[in-house]
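Please open the model in a viewer and keep the selection panel at hand. The stops below proceed from open spaces to ring contacts and then to a single side chain.

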Amino acid sequence: MTRAFNFSAGPATLPESVLRQAQAEMLDWNGIGASIVEISHRSQDFIAVAAQAEADLRALVGIPDDYAVLFLSGGATTHQALLALNFAAPGQVVDYVVTGHWGKTAIKQARPYCTVNIAADGEAGGFHDIPARSTWQLTPDAAYVHITANETIHGVEFRDTPDVGDVPLFADFSSSIASEPLDVSKYGVIYAGAQKNLGPVGVAVVIIRKDLFERSGQPRADIFDYRSHAERDSMLNTPPTWNWYLAGLVFKWMLAEGGVAEFARRNAMKSSLVYGAIDASGGFYRNEVAPAVRSRMNIPFFLPDETLTSRFVAESKAAGLLALKGHKAVGGIRASLYNALPVEGAQALVQFMQDFQQRNG
């Protein structure tokens, strides 16, 4: 079987070796005579898997001991609401910096529970840049400042951690976590859906500085309380065990491949190849994001017209390059270059882009 190069924005490509290991272990995991999806999450067998996954993620990302790590269901959008419930008092101001579609989505989830101050918003410029830090209108006593570290749709990425003073910085890292070294200590909360860089859809990672658990937050059911999940090692209710297990295999694979430093090198190479092809095309391909904040993970670009765009999508799929159609919010083409996509995938895309331009330019 020949696997295609999968540029999907999420659920995204997974390492082939991980998929093959999961396949081999599907019916009989670890010699116990049953699949891991069939055993209790409270069994010693699964508790060991969960503990190892947390230890490996801590080693991979560099998570300090004074941070809790939760493996939960719900996806990033659910956690955008839970942040407000857990860490903001009723009516308290929270600051949001909006750099694309997912920043706007995060605001929608928080608004029912607190007063949202849009400290900066790049929409007037088409979300092609991040507003300069000097222009942000932050609230001195805000519960937190929220950013989207990488905008999966608009292709805008924070290349440095912004200084927001004493207010804790919360960040959605769904599409860029573990793609390069990260100073976790600069953040109060980091959260990420796993389905782009860490594993399969269905599990989210939430990294929380433990002193934030002292906040009362707002009235909420126990199932929505991060403290309760932390006290029970993410097993307050039945967790997504298969997804957790598979994410753990991805963590081990990444560590064996050289960790985030190695993936930073690969991701820089992949994105440089694709941006280089766009910039050298004489305008046939266009990326409209300011170069200083271009995403390494998600590269949106546009062709001269919709006819060529449709042709590009169809022909690239036939050539074994999957899921290059842009998001409906912006159109065009989007290449997602997550950790599990090999450098050869970016090289194949560039070769196709150059050939396509020769035939259609």
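In sorting lining residues by class, Ala, Val, Leu, Ile, Met, Phe, Trp, Tyr, Cys and Pro count as nonpolar, Asp, Glu, Lys and Arg as charged, and the others, Gly among them, as polar. The model is predicted, so local features need pLDDT of at least 70 and side-chain atom pairs pLDDT 80 or more, while totals for chains, interfaces and linings use all residues. Residues are numbered from 1 along each chain as its sequence is written, and side-chain values use heavy atoms, with hydrogens and water left out.

**Pockets**

A pocket is an open set of points on a 1 Å grid over the protein atoms alone, with protein on both sides within 12 Å along at least five of seven lines; a cavity is a set where a 1.4 Å probe fits but cannot get out, and lining residues have an atom within 4 Å of a point. Grid points are joined across faces, edges and corners, and a volume is the space filled by probe spheres set on the points.

Begin with the second largest pocket, of about 230 Å³. Select Thr161, Phe173, Glu180, Leu182 and Tyr187, which lie nearest its centre among 19 lining residues. This lining comprises nine nonpolar, three polar and seven charged residues.

Move next to the largest pocket, which holds about 340 Å³ of space. Of its 24 lining residues, Ala9, Trp102, Thr152, Gln195 and Lys196 are the closest to the centre. Helix 3 (75-87) and strand 13 (333-336) are the elements that each give two or more residues to this lining; helices (H or I, at least four residues) and strands (E, at least two) are DSSP runs numbered from the N terminus. Helix 3 gives the most, with three residues. By class, the lining of the largest pocket has eight nonpolar, 12 polar and four charged residues.

**The cavity**

How many cavities of 30 Å³ or more does the structure hold? There is one, and about 50 Å³ of space lies in it. To display its lining, select Thr13, Leu14, Pro15, Lys196, Asn197, Leu198, Gly199, Val250, Trp253, Tyr338, Asn339 and Ala340. Seven of these residues are nonpolar, four polar and one charged.

**Aromatic rings**

The whole structure contains 19 aromatic pairs. Rings of Phe, Tyr and Trp (its six-membered ring) pair if their centres lie within 6.5 Å; planes under 30 degrees apart count as stacked, over 60 as edge-to-face and the rest as tilted.

Select Phe71 and Phe251: their ring centres are 6.3 Å apart and their planes lie at 40°, so the pair is tilted. Phe71 belongs to strand 2 (residues 67-72) and Phe251 to helix 6 (residues 241-257), 180 residues apart along the chain. Both Phe71 and Phe251 are buried, where buried means under 20% relative accessible area, exposed over 50% and partly exposed in between (1.4 Å probe, protein chains only).

Then select Tyr285 and Phe301, whose ring centres are 5.6 Å apart with planes at 90°, so this pair is edge-to-face. Tyr285 lies in the loop between helix 7 (259-279) and strand 11 (298-301), while Phe301 is in strand 11, 16 residues away. Both Tyr285 and Phe301 are buried. Widen the selection to Phe284, Tyr285, Phe301, Phe312, Phe352 and Phe356 to show one aromatic cluster.

**A buried histidine**

Finish at His146, in strand 5 (residues 145-148). Is His146 buried or exposed? His146 is buried, with a relative accessible area of 1%. Its side chain makes a polar contact with the side chain of Tyr191 (2.7 Å); a polar contact is a pair of N or O atoms within 3.5 Å, and within protein one must be able to donate a hydrogen and the other to accept it, with residues adjacent in sequence counting only if both atoms are side-chain atoms.
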